[in-house]
Amino acid sequence: MTISIAGIEPKGRITRRKFLVMFVVFYFINLLCLLKIIESFEIQAWGSFVIFAVILIVTILVLLYQAIKRLHDIGYDWRYALYLLIPPPLNFIGFIYLTIKEGETGTNKYGVDPRDTDLF
């Protein structure tokens with residue numbers, strides 16, 4: 001069974017470095033969106049509330065997509081990504097694990113070793 005996010009199936013693997021960059025950028029965006037959502041709610045600016053909520057949902061989906069690819073690199077199934085949907089700060093531990101855990105060497109059932117194909 002495969003999972004698709006917005007009609008896109010997360011295939012392949014990514015390195016720890018690429019995941020760490022994506023994680024830092026999108027987690028920061030998530031925190032900013034959460035702050036803006038709270039601010040918009042307090043002043044009842046519903047237009048900006050909806051905009052930042054949509055941005056938040058999109059960034060969460062992108063992080064989840066990348067986490068699934070990182071799980072593939074480690075050799076795990078996509079179902080483990082569901083643990084990452086636990087609210088912060090608990091999910092932060094899972095993301096840190098994904099940045100620390102070394103991926104499988106060589107080709108696995110999810111694709112070729114990303115270290116062989118990455119430019120940097």
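## A tour from Lys69 to the helix contacts

Begin by selecting Lys69, which counts as buried at a relative accessibility of 15%, because the threshold for that label is anything under 20%. The model on screen is a predicted one, and every value in this tour should be read as computed from that prediction. Lys69 belongs to helix α2, and if residues up to four places away in sequence are set aside, the residues that Lys69 touches are Pro10, Lys11, Gly12, Arg13 and Ile14.

**The whole chain**

Before going further, zoom out to the full protein chain, whose secondary structure consists of four helices and zero strands, running α-α-α-α from the N terminus on. Along the principal axes, the C-alpha atoms occupy a box of roughly 55 × 25 × 25 Å. If you colour by accessibility, 33% of the 120 residues come out as buried. A contact map tells another part of the story, since among contacts between residues at least 6 apart in sequence, 71% connect residues that are at least 24 apart.

**Arg13 and its surroundings**

Return to Lys69 and step across to one of the residues in contact with it, Arg13, which sits in the segment before α1. Is Arg13 buried or exposed? Arg13 is buried, its relative accessible area being 8%. Now display everything in contact with Arg13 beyond its neighbours within four places in sequence: from α2 you have already met Lys69, and the list continues with His72, Asp73, Glu104, Gly106, Thr107, Asn108, Tyr110, Gly111, Val112, Asp113 and Pro114.

Two polar pairings deserve a distance label here. A polar atom of the Arg13 side chain lies 2.8 Å from the backbone oxygen of Gly106, and the side chain of Arg13 also makes a polar contact, at 3.4 Å, with the side chain of Asn108.

**Thr107, in the loop after α3**

Select Thr107 next, a residue placed in the loop between α3 (90-100) and α4 (114-117). Thr107 is exposed, with a relative accessible area of 60%, whereas Arg13, which Thr107 contacts, is buried. Leaving aside neighbours within four places in sequence, the residues in contact with Thr107 are Arg13, Val112 and Asp113. For a longer reach along the chain, draw a C-alpha to C-alpha line from Thr107 to Asp73, two residues that are 34 apart in sequence and 9.2 Å apart in space.

**Ile68, back in α2**

Go back to helix α2 and select Ile68, which is buried, with a relative accessible area of 1%. A C-alpha to C-alpha line from Ile68 to Arg17 spans 15 Å, and the two residues are 51 apart along the chain.

**The packing of α1 with α2**

Now show helix α1 (residues 16-43) together with helix α2 (residues 46-74), which pack at an angle of about 160° with their axes 9 Å apart. That angle makes α1 roughly antiparallel to α2, and the crossing of the two is left-handed. Sorted by class, the residues of this contact are 20 nonpolar, five polar and three charged.

Between these two helices lies a loop, and Gln44 is found in it. What is the backbone phi of Gln44, which is not a glycine? The phi of Gln44 is positive, at about 55°. This deserves a look because most residues other than glycine have a negative phi. Gln44 is exposed, with a relative accessible area of 56%.

**The packing of α1 with α3**

For the last stop, keep α1 displayed and add α3, which packs against α1 at an angle of about 150° with the axes 8 Å apart. Here too the angle gives a plain label, since it makes α1 roughly antiparallel to α3. On the α1 side, select Arg16, Phe19, Leu20, Phe23 and Tyr27, and on the α3 side select Asn91, Phe92, Phe95, Ile96, Leu98, Thr99 and Ile100, which are the residues that meet across this contact. By class they divide into nine nonpolar, two polar and one charged.

Note on methods: Residues are numbered from 1 along each chain as its sequence is written. This is a predicted model: local features need pLDDT of at least 70, side-chain atom pairs count only at pLDDT 80 or more; totals for chains, interfaces and linings use all residues. Side-chain values use heavy atoms; hydrogens and water are left out. Buried means under 20% relative accessible area, exposed over 50%, partly exposed in between (1.4 Å probe, protein chains only). Contact means heavy atoms within 4.5 Å. Axes are lines fitted to C-alpha atoms, for helices over the stretch in contact, and angles run from 0 to 180 degrees between N-to-C directions. Angles under 35 degrees count as roughly parallel, over 145 as roughly antiparallel, 65 to 115 as roughly perpendicular and the rest as oblique. A crossing is left-handed if the near helix is turned anticlockwise from the far one by less than a right angle, and right-handed if clockwise. Ala, Val, Leu, Ile, Met, Phe, Trp, Tyr, Cys and Pro count as nonpolar, Asp, Glu, Lys and Arg as charged, and the others, Gly among them, as polar. A polar contact is a pair of N or O atoms within 3.5 Å; within protein, one must be able to donate a hydrogen and the other to accept it, and residues adjacent in sequence count only if both atoms are side-chain atoms.
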